[in-house]
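Hi,

Here is the structure I said I would pass on to you. Have it open while you read, and my notes on what turned up are just below.

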Amino acid sequence: MMKTRDLARKLALVTGATAGIGAAVARKLAAENWDLVLTGRRADRLNTLVQELEDRFPQVKALPLTFDVCDEAATFTALEGLNEDWQAIELLVNNAGLSQSLEPVHRQDPADWDRMIDTNIKGLLRVSRVVTPWMRHRGKGHIINLGSIAGKEVYANGAVYCATKHAVEAITRAMRLELNPDGIKVGLIAPGLVETEFSVVRFKGDRERAAAVYQGLEPLVADDIADAVWYMASRPAHVHVADMLILPSAQASMGQITRRP
Ligand code: NDP
Ligand code: 8X3
């Protein structure tokens, strides 16, 4: 049976909470006394995080939901199966996402294109498709989408990843127009280099190659982005911080990164 929660408490849903930015956002929101629906594919990690948060913050209720955002039926079934008290989501953080390989289009495996497009674009759309009507019904809500500097610029060997993050930016801006009359804010957070599992996933487990991405500079860490999510989410009702680009100090653009030995 699904645990119950107090409807007077604030509730957020964070996708991709098993690692990196999503896990940091979950910890930040729990510390700010929010209840949480946490999603990802790795059930063991979700359960461990839920246990950690409920131990550290005894007033917080957290619910793990294991599903793959690429699986439309599983996504809809998992979210629509939430009891009414867990549907009262005030904040949706669409964070689940990934890059696969760093290759020119003419060499990249089409399966990598499918995985990125299905996760980063359609996964975000699927989750939003279910949660947005609940927010509209309540006449308020806030959606924060994880874009990227790769949604504002492009780089060689990143065509499809960049395309997915440009799409996230376009979807964010269009949803902001669609949902403004309903009192729902839709914001974008676009980080530069953040050291998480992102590069290990991109390079399919090659940790050495992943570590090299951050060599010679101090990258952002997941907590830096969790702080930004919290800043955006905690403004007064009449203030809408709509778009934040956050870079490590050593990164001026996609192509200009100052590395020191
Ligand atoms: P991580 O690899 O550390 O975390 C990614 C999260 O997404 C994991 O929790 C993973 O969970 C989840 N996820 C991936 N695919 C799926 C799926 N098909 N279904 C459900 N969940 C999924 O990376 P980050 O924390 O760095 O990335 C988070 C977001 O931030 C992404 O959207 C990324 O594009 C964006 N971003 C990252 C930057 C960086 O430099 N790290 C910079 C700019 C943006 P699980 O594997 O358990 O399913
Ligand atoms: C992730 C940052 O530089 O790998 O969005 O594209 S980058």
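Let's start with ligand 2. The residues around it are Ser148, Ala150, Tyr155, Tyr161, Leu193, Phe198, Arg202 and Met254. Keep in mind that this is a predicted model, so every number here is computed from it.

Sorted by class, that shell has 6 nonpolar residues, 1 polar and 1 charged. Which side chains come up close to the oxygen atoms of ligand 2? An N or O atom in the side chain of Ser148 is 2.6 Å from an oxygen atom of ligand 2. Tyr161 has a polar side-chain atom 2.5 Å from an oxygen atom of the ligand, and for Arg202 the distance from a polar side-chain atom to a ligand 2 oxygen is 3.4 Å. Taken alone, ligand 2 exposes 240 Å², and the protein buries 88% of that. As for where to look, ligand 2 sits in the largest pocket.

Now for ligand 1. This one also sits in the largest pocket. Which elements give two or more residues to the shell around ligand 1? They are helix H1 (20-31), helix H5 (110-138), helix H6 (159-179) and helix H7 (198-202).

How many residues surround ligand 1? There are 31, and the closest are Thr18, Arg41, Asp68, Tyr161 and Thr196. You'll recognise Tyr161, which is also listed among the residues around ligand 2. By class, the shell of ligand 1 divides into 14 nonpolar, 11 polar and 6 charged residues.

Here are some distances you can check on screen:

- Asp68: an N or O atom of its side chain is 2.7 Å from a nitrogen atom of ligand 1.
- Tyr161: an N or O atom of its side chain is 2.8 Å from an oxygen atom of ligand 1.
- Gly16: here a backbone N or O atom is involved, and it lies 3.0 Å from an oxygen atom of ligand 1.

On its own, ligand 1 has 880 Å² of accessible area, and the protein covers 96% of it.

One last residue to click on is Asp118, which lies in helix H5. What does the side chain of Asp118 make a polar contact with? The partner is the side chain of Arg126, at 3.0 Å. Leaving out residues up to four places away in sequence, Asp118 touches Val69, Cys70, Gly123 and Arg126. So Arg126 shows up both in that list of touching residues and as the polar partner of Asp118.

Have fun looking around!

Definitions and conventions
Residues numbered from 1 in each chain as written. Chains lettered and ligands numbered in written order. Predicted model: local features only at pLDDT ≥ 70, side-chain atom pairs only at ≥ 80, totals over all residues. Heavy atoms only, no water. Near = heavy atom within 4 Å. Polar contact = N/O pair within 3.5 Å; in protein donor to acceptor, adjacent residues only side chain to side chain. Areas by Shrake-Rupley, 256 points an atom, 1.4 Å probe, with all protein chains shown as cover. 1 Å grid on protein atoms, 1.4 Å probe; cavity = no way out; pocket = protein on both sides within 12 Å on 5 of 7 lines; lining within 4 Å. Sits in = over half its atoms within 2 Å of the grid points. Helix = DSSP H or I, 4+ residues; strand = E, 2+ residues; numbered from the N terminus. Nonpolar A, V, L, I, M, F, W, Y, C, P; charged D, E, K, R; others polar. Contact = heavy atoms within 4.5 Å.
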